[in-house]
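I opened the structure today to look up one residue and its surroundings, and after that how some of the helices pack. I am keeping these notes for myself as I go.

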Amino acid sequence: MIRLALALVLFAGVAAAEDQIDGVAAEGVLSDLDFFRLVTCGAPPGGSCKGPVLRWAKPALRLTIRHGAGPAPIGLTARLQAAIDPALDQINGAGAAIRVERTPGPFADITVIPTELTEGTVMTEVPGFSGPGVMGVGYMTLWSDEADRITSAVILISTAISDEDLPSVMLEEITQALGPLYDIENPAYDGVSILSQDSNLTTTITGQDAALLRWLYPPRI
């Protein structure tokens with residue numbers, strides 16, 4: 001991504017993975033398996049995983065928007081919904097055995113929270129809100145159990161994010177909330193993969209991105 005969006009994973013409520021999950025470098029177009037391993041466990045081609053592969057154990061997830069105590073900026077909810085709904089269409093259309101639906105209720109698996117925290121803010125571990133790291137325009141935290149099953153996710157979106165960046169950042173954060181935590185740092189994937197480290201141009205799930213979701217969540221035959 002051009003503007004920083006970070007992903008952090010917490011195990012049983014305690015930070016135990018990367019200090020700060022970032023891009024993994026590679027060159028050229030990777031095989032499907034090398035791509036899958038890089039973005040899910042941080043393994044460079046031919047190398048070892050940095051962490052476990054995480055998955056949701058259930059096939060249907062709920063996503064909601066939760067605002068803070070103060071009033072939301074005018075038009076913000078509409079902006080978020082306008083970015084979330086196409087992102088869910090892309091994810092749900094990938095052919096994987098997982099679906100994410102937006103719900104107006106307070107109880108959800110994935111929670112999107114707009115925040116006035118600015119890019120570069122040092123984050124601390126706050127249960128149900130964030131893990132330690134540095135805030136970007138998007139900041140996603142996962143919680144998982146000892147069996148590497150994702151139990152919940154929170155996506156923080158800066159209220160300062162531009163309309164230009166929001167669709168791609170939202171799609172990336174929701175995609176990463178399904179398990180692929182690592183960006184790929186590789187010019188061959190700029191503008192091609194939603195998981196590209198150096199591009200905010202992608203707003204679709206196609207090619208290896210779609211195949212990745214089907215690998216994580218194989219379609220039922």
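I began with the contacts of Ser 168, working in a model that is predicted. Setting aside the neighbours within four places in sequence, I found Ser 168 in contact with Ile 194, Asn 200, Leu 201, Thr 202 and Thr 203. For one of these partners I looked up the atoms, and the backbone oxygen of Asn 200 lies 3.5 Å from a polar atom of the Ser 168 side chain.

Next I asked myself whether Ser 168 is buried or exposed. Its relative accessible area is 2%, and because buried means under 20%, I noted Ser 168 as buried. I also noted that Ser 168 belongs to helix 3, which covers residues 166-176.

I then turned to helix 3 and its packing against helix 2 (residues 76-92), where the axes are 9 Å apart and the angle is about 50°. That angle makes helix 2 oblique to helix 3, and the crossing of the two is right-handed. Among the residues that meet there are Leu 80, Ala 83 and Ile 84 from helix 2, and Leu 166, Pro 167 and Met 170 from helix 3. Sorted by kind, the residues of this contact are eleven nonpolar, two polar and one charged.

Last, I looked at helix 1 (residues 32-41) and helix 4 (residues 207-216), whose axes come within 10 Å and cross at roughly 75°. These helices are therefore roughly perpendicular to each other. Their meeting residues include Phe 35 and Phe 36 in helix 1 and Leu 212 and Trp 215 in helix 4, and the contact divides into seven nonpolar, two polar and two charged residues.

Terms used:
Residues are numbered from 1 along each chain as its sequence is written. This is a predicted model: local features need pLDDT of at least 70, side-chain atom pairs count only at pLDDT 80 or more; totals for chains, interfaces and linings use all residues. Side-chain values use heavy atoms; hydrogens and water are left out. Helices (H or I, at least four residues) and strands (E, at least two) are DSSP runs, numbered from the N terminus. Buried means under 20% relative accessible area, exposed over 50%, partly exposed in between (1.4 Å probe, protein chains only). A polar contact is a pair of N or O atoms within 3.5 Å; within protein, one must be able to donate a hydrogen and the other to accept it, and residues adjacent in sequence count only if both atoms are side-chain atoms. Contact means heavy atoms within 4.5 Å. Axes are lines fitted to C-alpha atoms, for helices over the stretch in contact, and angles run from 0 to 180 degrees between N-to-C directions. Angles under 35 degrees count as roughly parallel, over 145 as roughly antiparallel, 65 to 115 as roughly perpendicular and the rest as oblique. A crossing is left-handed if the near helix is turned anticlockwise from the far one by less than a right angle, and right-handed if clockwise. Ala, Val, Leu, Ile, Met, Phe, Trp, Tyr, Cys and Pro count as nonpolar, Asp, Glu, Lys and Arg as charged, and the others, Gly among them, as polar.
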